[in-house]
Each structure stands twice: as structure tokens, then as C-alpha cells.
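Reader: I should like to understand how the descriptive terms for this structure are justified. Please show it, and let us go through the terms one by one.

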Amino acid sequence: MNEIRNLLIGLELGEETSQLAYYDRRTKNPVSVAVKPGTNLYRFPTVLTRLREEGKWMIGYEAEHFASEGRGSLVKNLLRISSRSGFEVDGTYMEGWELLQVFISGALDMLGVSDPAQLAQGICITVRSLTPNLAAALKRALRKIGFAAEKIFIQDGLESFFYYTYSQRPEIWNRTVGLIEFEKNEVTMHCLMENKKTRPITVKTRKIGHTWIPADVKKKDAAFAAALTKWLEDQTFSGLFITGEGFGDWSKQSLDLMCRDGCHVFAGDNLFVRGACYTALEKTDEPMIRGRVYLGPDMLRASVGLDVIVRDKQQWMPLVSAGENWFDRETCIDFILDGRSDIMMTTVPMDGKGGKPWRLVLDGLPKRPDRTTRIRLKAYCTDADTCVVKAEDLGFGEMFPATHKIWTLKIALGEES
């Protein structure tokens with residue numbers, strides 16, 4: 001790849017294998033990055049090895065090779081150990097996020113650019129199942145590599161499915177869209193569900209079904225077709241995406257079912273990484289998905305903010321924002337009180353209608369002249385329905401010493417807040 005700026009990077013981290021891609025602005029499509037230039041090998045093992053003598057880290061196939069020669073210990077299960085307090089590699093103690101940092105740095109080397117963190121406009125990492133601890137570890141690893149916080153996006157596979165789907169041609173998503181995931185003989189199906197009564201339209205995922213199909217090739221097609229008959233009966237699908245290992249040319253009867261009513265059917269193993277590229281594009285460049293927002297189970301349904309005066313102009317400052325994962329944001333701001341002993345905030349639903357006021361009373365705040373009390377306001381969420389706001393009295397220099405007293409308010413963000 002030529003040394004270019006404003007890179008948009010997608011990285012899929014899987015339990016077993018991972019995949020890297022970038023968004024090509026000329027073709028307006030994500031491009032998968034080959035493990036070795038000139039090959040069609042795009043997936044690489046999610047493993048690490050540190051060479052004992054050289055002290056150098058290897059990832060992927062090279063890590064497996066050198067570990068097989070006994071030149072280092074193979075580190076597996078990177079996503080599972082990322083939230084541990086520590087992990088020992090050949091006698092060296094390392095944090096889980098540090099191992100992720102090493103692996104991600106090695107993966108980014110495949111881009112062939114000198115400093116991906118500086119050249120990137122955005123990077124999105126997608127994992128099949130996201131937890132708050134894993135998200136925190138991934139963000140810490142990326143910041144240590146050099147990515148600015150505003151360039152970092154972390155999401156699960158179903159959110160990648162959303163961004164990939166709505167970046168395609170309208171005829172693919174103008175009806176129901178389904179995702180069929182194979183894991184050898186295990187099959188799971190999800191679909192995107194639109195609520196067209198809201199503005200913008202909110203989109204959720206729903207699990208339609210899960211089944212096991214026999215290993216016997218002669219029985220696979222009939223078993224899968226039976227499951228599809230049940231899964232597809234209540235909806236008319238315009239697009240079906242098949243991903244994972246296990247789907248093959250044994251599926252004639254099943255394909256006939258999926259292709260009915262003009263449904264577009266696609267099979268491949270790069271949907272999630274390409275969806276991550278589209279996320280980076282959507283969140284850092286000109287938005288392409290208009291009128292729809294994704295509502296994952298961990299996403300906030302409402303924003304919390306307050307009115308502040310900046311350069312003699314009133315503006316609304318968000319503390320947490322609707323559409324963010326609840327564990328993604330922690331805000332800290334300082335401001336000067338102007339003749340008040342309380343702080344007024346507002347929750348605003350995702351559609352921007354029907355804001356609700358919330359009041360944090362600063363009981364016991366020392367009486368001081370106007371504009372001589374500095375308050376530090378911290379906001380974070382404990383789950384998708386609860387925002388915690390804490391205010392701390394910082395005083396105003398030596399004339400008005402800080403008491404460091406803290407006031408706390410819990411704000412409900414649920415649909416009935």
C-alpha cells in the first residue's frame with residue numbers, strides 16, 4: 001500500500017483467526033489485506049510467540065512456526081485473557097491489554113505503512129462478542145500504539161453486520177435482512193428489525209434460530225433446509241449473508257429456499273471486517289447511512305447534557321450520547337457556577353423529542369460570591385439504562401479553598417425515563 005493519509009482501518013479479532021482490511025476511497029469499497037502480498041490468504045491465527053533469544057514478537061502463522069521449533073511459547077486465547085490482571089509469558093509478567101497491543105501492532109504491520117496510528121483517520125475493531133472489560137483492554141492497547149481516542153471504535157459482530165448491510169445497495173436491505181453464521185456443524189441466524197415509527201428509524205438485531213446439522217454430507221442439506229423453512233416463514237427477505245466455516249456446495253435445496261422471492265444471497269468470510277471499515281468511514285467521514293441508527297443491547301437510548309455558556313454563547317454540552325455503548329464514554333469537565341447552588345441537566349431520547357430535566361442539588365456548598373466556585377463534573381454509565389453524574393467542589397484558588405465535597409445523581413435513561 002502506498003503511504004497515504006486518512007486511512008480507514010477495520011480489524012476483526014476472532015478467537016481462532018483474525019483479518020485486516022482498509023477502505024479504498026477510489027473504489028469506495030473495503031479491501032482485505034493479504035497475510036503475504038500476492039496471495040489469497042487473508043485470515044491469520046490469533047496467536048503470539050516471543051522469540052526467547054531475540055526477544056522479538058511474532059504473530060499469526062510465524063508465531064505458530066517458531067513455537068513449533070521450540071524458540072518460544074505460543075500464546076493463545078488473546079481475547080479471553082485480555083481482561084486478566086496479568087499473564088506470564090516465558091517468565092515475563094504482562095497485562096492482557098499489553099498482549100493485545102503486541103498482536104494488533106503486528107497485524108497493522110501488514111498494511112505496509114510506516115505509522116498507521118498517525119496516518120489513520122479511524123480504526124474499528126470488531127469482535128464476535130464484546131464485554132466492557134474487553135472493550136477497555138482494546139482501547140488501552142490502541143491508545144498505547146498511538147491512536148487518538150476519537151479515532152478508536154470498538155464493536156461486536158452484529159453491529160458490524162448493521163454497518164455492512166446499510167452500506168450496500170438499497171435493493172439488498174429494502175426488506176428484511178438476515179445473517180446466517182456457520183461454525184462447522186452449528187448454525188445460528190439473526191435478522192435486522194427496523195422500527196419505522198421512530199425518527200430516525202431504529203434498527204435492532206433479533207436471533208431467529210439456532211440448530212445443529214449432521215456431519216454427513218447427504219443429510220446436511222435436508223437438515224439445513226428444514227431449519228430455514230421455519231426461520232424464513234414469517235418474513236420476506238431481500239438479503240441473506242452467510243458467513244463462517246461449514247457452508248458448501250452440498251446446499252442445493254437450501255439455496256433454493258434462500259433465493260426465493262428475489263432474495264439476494266451472499267456467502268463469504270469477510271463481512272465483519274468489512275463492516276468495521278464501513279463503521280470507521282461512517283463515524284469519521286461523511287455519513288453514508290442516513291435516517292437509521294443501530295440499537296444494540298449495550299447502547300444508550302438517550303443523551304445526557306447541560307446548557308453551558310462558552311464565549312458568551314449558550315450551548316448544549318453532552319455528557320453521554322445516545323447510540324454509544326454504555327461503557328464507551330466517561331466525561332469529565334470543569335466549569336464555574338454562576339449564582340447557583342444546583343446543576344440542571346436534561347435527558348434527550350434518541351429521536352430528540354421529549355427531553356426530561358434532572359436537578360443535582362449541591363447541599364452544603366459554601367456560600368461564595370458569584371463565579372468563585374469551580375465544579376468538576378464526571379459522568380459515566382453503569383449499564384445501558386443508568387447514568388451516574390458526580391459533582392466535586394474545587395473552590396477557587398487560595399481565596400476560596402476547595403472542600404472536595406462530592407454530590408451524586410443517578411439518571412434513568414430507559415425508555416420510560
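Author: Let us begin with one pair of residues: Met345 has Trp358 in β22 as its bridge partner. The model is a predicted one, in which local features need pLDDT of at least 70 and side-chain atom pairs count only at pLDDT 80 or more, while totals for chains, interfaces and linings use all residues. Residues are numbered from 1 along each chain as its sequence is written, and side-chain values use heavy atoms, with hydrogens and water left out.

Reader: How do you know that strand β21 and β22 are joined?

Author: Two strands pair if DSSP finds at least two bridges between them. Between β21 (residues 342–349) and β22 there are 6 bridges, so the pairing condition is met. The two strands run antiparallel. Strands themselves are DSSP runs of E with at least two residues, and helices are runs of H or I with at least four, numbered from the N terminus.

Reader: What makes β19 and β22 edge strands?

Author: The open sheet has 4 strands in the order β19-β18-β21-β22, paired antiparallel. Each of β19 and β22 (356–361) pairs on one side only. From one strand to the next, the twist averages 35 degrees.

Reader: Which strands are at the edges of the open sheet that contains β23 and β24?

Author: That sheet also has 4 strands, in the order β20-β23-β24-β25 with antiparallel pairing. Its edge strands are β20 and β25 (406–412), each pairing on one side only. Neighbouring strands here are turned by 20 degrees against each other on average, direction ignored. Strands β23 (residues 374–383) and β24 (residues 386–395) are joined by 9 bridges, and Asp383 has Thr386 in β24 as its bridge partner.

Reader: Do strands β15 and β16 run parallel or antiparallel, and how many bridges join them?

Author: Strand β15 (residues 237–245) and strand β16 (residues 264–267) run parallel and are joined by 4 bridges. Phe241 has Phe266 in β16 as its bridge partner. Together with helix α9 (residues 252–258), β15 and β16 make a right-handed β-α-β unit.

Reader: Why is Ser321 called buried or exposed?

Author: Buried means under 20% relative accessible area, exposed over 50%, and partly exposed in between (1.4 Å probe, protein chains only). Ser321 has a relative accessible area of 17%, and is therefore buried. Ser321 lies in the loop between β19 (313–320) and β20 (330–336). Leaving out residues up to four places away in sequence, Ser321 touches Leu300, Ala302, Ser303 and Arg329, where contact means heavy atoms within 4.5 Å.

Reader: What term describes how α3 and α5 lie to each other, and why?

Author: Angles under 35 degrees count as roughly parallel, over 145 as roughly antiparallel, 65 to 115 as roughly perpendicular and the rest as oblique. The axes of α3 (residues 96–108) and α5 (residues 132–145) cross at roughly 55 degrees and come within 8 Å, so the helices are oblique to each other. Among the residues that meet are Trp97 and Ile104 in α3 and Leu138 and Ile145 in α5.

Reader: What term applies to α6 and α10, and why?

Author: The axes of α6 (residues 157–165) and α10 (residues 271–284) come within 7 Å and cross at roughly 70 degrees. The helices are therefore roughly perpendicular to each other. The contact includes Phe161 and Tyr164 of α6, and Phe272 and Tyr278 of α10.

Terms used: A crossover is right-handed if, with the strands pointing away from the viewer, the path from the first strand over the helix to the second runs clockwise. Axes are lines fitted to C-alpha atoms, for helices over the stretch in contact, and angles run from 0 to 180 degrees between N-to-C directions.
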